Amino acid sequence: TWTVPNVSMTGVADGAYNVYALITSAVTGLTSTQSSALNVTLDTTAPTYTSIAANNLNAPTGTDFSFDIQYADSGSGWDKFTFDLNNVTVTGPVGALTVTSGGFDEITGVATYTVEAPHSGVWNSATDAGTYTIAVKGNSFKDLAGNAVAAVSSAKTFTVSFPALIFTSGATGSVAENATTSTVVYTAAATDPANNPLTYSLSGTEATAFNINSSSGAVTLVNS
């Protein structure tokens, strides 16, 4: 191990250098022959991210989704042990999401992060539509010289959207006079493109005259 005190590298450009050692006796003043070259790489340039590929999601149904970050380093190469799931955060309308897995290709500089959908992997069209933000954490992912990617609080945004529910039942219903309260006068039916469970309810000025089964959509009379 060579320790060289009081050496300033100010103004020295990043790059590869050959360093040689000479040993001088403090007693006799004699100096040794020059050592073999020690290869030293000076790297003071922080790595960066150059782009994030995150698609907008329309009617997502999977339990997770992924995005890629292209990182770049012009110096000593990556410290792969500083790559982890905490390099990034993803937040949306319901708060922070969980990054569950990831991988980094040292050759291409591309990192892939996989994120669990909200609600433990179950999308909800009522609460999850909106804008999502990917942030890069600072002092997290580093190169071999210890330089870190800088923090970027809003590195990328993408949107999650859900198509409107589609009602497949008719616009009217009918019932015979004096029908019993068990008589089904109308059955509401709809489909959700996102395949979320549906719950039926009634509204309007005459809603109190009817009951509706929240799961089947069957409408019956309150009074016969």
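Select F83 and F141: both residues are buried (under 20% relative accessible area, with over 50% counted as exposed and the range in between as partly exposed, for a 1.4 Å probe and protein chains only). The model is predicted, with local features requiring pLDDT of at least 70 and side-chain atom pairs pLDDT 80 or more, while totals for chains, interfaces and linings use all residues. Residues are numbered from 1 along each chain as its sequence is written, and side-chain values rest on heavy atoms, without hydrogens and water.

Stay with these two rings. The centres of F83 and F141 are 5.7 Å apart and the planes meet at 65°, so the pair is edge-to-face. Rings of Phe, Tyr and Trp (its six-membered ring) pair when their centres lie within 6.5 Å; planes under 30 degrees apart are stacked, over 60 edge-to-face, and the rest tilted. F83 sits in the loop between β5 and β6 and F141 in the loop between β10 and β11, so the pair ties together parts 58 residues apart in sequence. Strands (E, at least two residues) and helices (H or I, at least four) are DSSP runs numbered from the N terminus.

Next, extend the selection to F67, Y71, W78, F104 and Y113, which form one aromatic cluster with F83 and F141. The whole structure contains 15 aromatic pairs. For a tilted example, select F65 and W123, with 6.1 Å between centres and 35° between planes. F65 belongs to strand β5, whereas W123 lies in the loop between α1 (118-121) and β10, 58 residues away. Both F65 and W123 are buried.

Now display the largest nonpolar core, which has 28 residues; F67, Y71, Y113 and F158 touch the most other members. Such a core is a set of buried Ala, Val, Leu, Ile, Met, Phe, Trp, Tyr and Cys residues joined through side-chain atoms within 4.5 Å. Strands β5 (64-72), β6 (88-92), β8 (99-105), β9 (110-116), β10 (130-136) and β11 (152-161) each supply at least two of its residues, and β5 gives the most, with four. Centre the view on F67: leaving aside residues up to four places away in sequence, its contacts (heavy atoms within 4.5 Å) include I52, V88, V90, Y113 and I134.

Finally, turn to the surface and select V7, M9, V12, Y17, V19, L38 and V40, which make a nonpolar patch of about 500 Å². Strands β1 (15-19) and β2 (38-42) each give two or more residues to this patch. V40 is placed in strand β2 and, at 30% relative accessibility, counts as partly exposed.

Terms used:
Patch = residues over 30% accessible without salt bridge, like charges linked within 9 Å, V, L, I, M, F, W, Y side chains within 5 Å. Areas by Shrake-Rupley, 256 points an atom, 1.4 Å probe, with all protein chains shown as cover. Salt bridge = Lys/Arg side-chain N within 4 Å of Asp/Glu carboxyl O.
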